[in-house]
Amino acid sequence: MSQLSIYNSLTRKKEQFVPLTPGYVGMYVCGPTVYSDVHLGNCRTFISFDLMYRYFLHLGYKVRYVRNITDAGHLEGDRDEGDDKFSKKARLEQLEPMEIVQRYTLGFRKMMEMFNNLPPTIEPTATGHISEQIEMTQQILANGYAYEVNGTIYFDVQKYDKEKPYGILTNRKLEDLLEGTRELGGQDEKRGRLDFALWIKAKPEHLMQWPSPWGMGFPGWHIECSAMSKKYLGNEFDIHGGGMDLAATHHTNEIAQNQACYHVSPARYWLHTNMLTVNGTRMSKSAGNGFLPGELFTGNHPLLERAYSPMTVRFFMLQTHYRSTLDFSNEALQAAEKGMKRLWEAYDIVKKLEAGTVAATDKALDEKVSSLLASMDECMNDDFNTARVLAVLFEVVPIINSIKDGHIKLQALSGTTIAAVQTYFKAYLENIFGLKNEVQSEDGKLSGVLQLLIEIRKDAKQKKDYATSDKIRNQLLGLGVALKDEKDGGVTVSFT
Ligand code: AMP
Ligand code: ZN
């Protein structure tokens, strides 16, 4: 069997995956900033890494999978500009910042569960690792790569770049990077335009602040991932991942911090997932095109023709390689739904097949099927190419259907090949792709029922039958399902 090769952003090529310690994989993935709901784009990234995690487990590795929760320190701009995202939201909603964190952490975990993502083995929070971030900042200061201005500590990018290329991850020279940033003004504290904060002095009214050797403050966003990956995976580990948008600033700064502190680049392989787009534009909160998974499951969004189940969405994502952009469309989701149904139907037949005679009566077909199965591993080993694995599975499906229809005799295939088909379907559909057959699952049925109730209520409202529409809303509320009518005519569902 071929070896797993992975596209490494750091070297810009596919490389054979060789773990630092045989049999073990250490993987760090940047988690969500929990100040609002995760949108479908965020979910694409986490589904992609779940798939890799599942594949490593399938290959028999012991995996330490660390995915953090950013619950402090993330400012609106990636370069230390703007308000703190948590404080802003807390003021807006008149809640404690930690109430904001709790609400969206729970929401995030629920979404991950809906998509059948396995939980990481460690899920550390930035606020739980303030002392580690302070220690790292102190060490970077002591090593001479940072400076203090008024209680804020900045990383000195220009000084660092004299020794190590700062733009190594995206293969860009400092001069080019500088071109893309604004000139410093008289009120700026930084010495260099690309310098970024390791620790930020807090104004007295700032809601989340901690004591440090430089006074009350809070950590910069980038230092949390350096501190937590080092704590749980060591100075050097196998894989660091995140969305592609994180490479140019967040991950570039992480590498610089680790090098400046421990003189070693943290991860051997840097993996970046591509973006989910809507009509060609990246899905994001700021673009206003970031719909929530909940809206997808109920179909209540102007862009959605109807509801789609979590597994349809997961399958839709698997049909595209993680390094390609994926454009959202109703047609693609409907095609995914059909395709997945065909696969489950074939899997049902596969499960019932009894191995026939030991020797195949149709040797050519038998060889074809076993080589198709082997090529699924080849595709997966080629940088986790789920899209191609699925294409191969769809070549096996008609053969399975022909056995069911009696066009091909069961004995055409050898007992070994039939057993292999069963093993591969189970391994890929359930364990590696993490799909669940919703037709049989309670979740799938329930979301269909909920959708039906929403539609009946909509009809009732149109007919001015408010007794029925209110009854549906109130009774659902009593069951912990809150429906909120939006201005655009849609309905948002939340679970209380
Ligand atoms: P955030 O909570 O904004 O820090 O984002 C969490 C993760 O989602 C990061 O790894 C981002 O790179 C990723 N992400 C953000 N937008 C998209 C998108 N449209 N498609 C795929 N991944 C995204
Ligand atoms: Zn990170």
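**Exercises: two ligand sites and two unusual backbones**

A polar side-chain atom of Asn42 lies 3.1 Å from an oxygen atom of ligand 1. The model is predicted: local features need pLDDT of at least 70, side-chain atom pairs count only at pLDDT 80 or more, and totals for chains, interfaces and linings use all residues. Residues are numbered from 1 along each chain, chains are lettered from A and ligands numbered from 1 in written order, and side-chain values use heavy atoms, without hydrogens or water.

**Exercise 1.** Find the polar contacts of Arg282 and Met283 with ligand 1.

*Solution.*
- Apply the cut-off: a polar contact is a pair of N or O atoms within 3.5 Å.
- Take Arg282: an N or O atom of its side chain is 3.3 Å from a nitrogen atom of ligand 1.
- Take Met283: a backbone N or O atom lies 2.8 Å from a nitrogen atom of ligand 1.
- Check burial: ligand 1 alone exposes 500 Å², and the protein buries 93% of that (Shrake-Rupley areas, 1.4 Å probe).

**Exercise 2.** Describe the shell around ligand 1.

*Solution.*
- Count residues with a heavy atom within 4 Å of the ligand: there are 16, and the closest are Gly41, Thr45, Asp245, Leu276 and Met283.
- Sort them: six are nonpolar, eight polar and two charged. Here Asp, Glu, Lys and Arg count as charged, and Gly as polar.
- Locate them: helix H1 (40-58) and strand E9 (237-243) each supply at least two. H1 gives the most, with four residues. Helices (at least four residues) and strands (at least two) are DSSP runs.

**Exercise 3.** Which residues coordinate the zinc ion (ligand 2)?

*Solution.*
- Look for N, O and S atoms within 2.8 Å of the metal (3.2 Å for Na, K and Ca).
- The donors are Cys30 (SG), Cys225 (SG) and His250 (NE2), at 2.0 to 2.2 Å.
- Read the spacing: C-x194-C-x24-H.
- Place the cysteines: Cys30 is in the loop between strand E3 (24-29) and H1, while Cys225 is in helix H7 (residues 221-233), 195 residues apart.

**Exercise 4.** Where do Asn116 and Asp383 lie, and what is the sign of phi in each?

*Solution.*
- Recall the background: most residues other than glycine have a negative phi.
- Asn116 has a positive phi near 60 degrees. Its loop runs between helix H3 (97-114) and helix H4 (130-142).
- Asp383 has a positive phi of about 55 degrees. Its loop runs between helix H12 (363-381) and helix H13 (386-405).

Technical notes
Polar contact = N/O pair within 3.5 Å; in protein donor to acceptor, adjacent residues only side chain to side chain.
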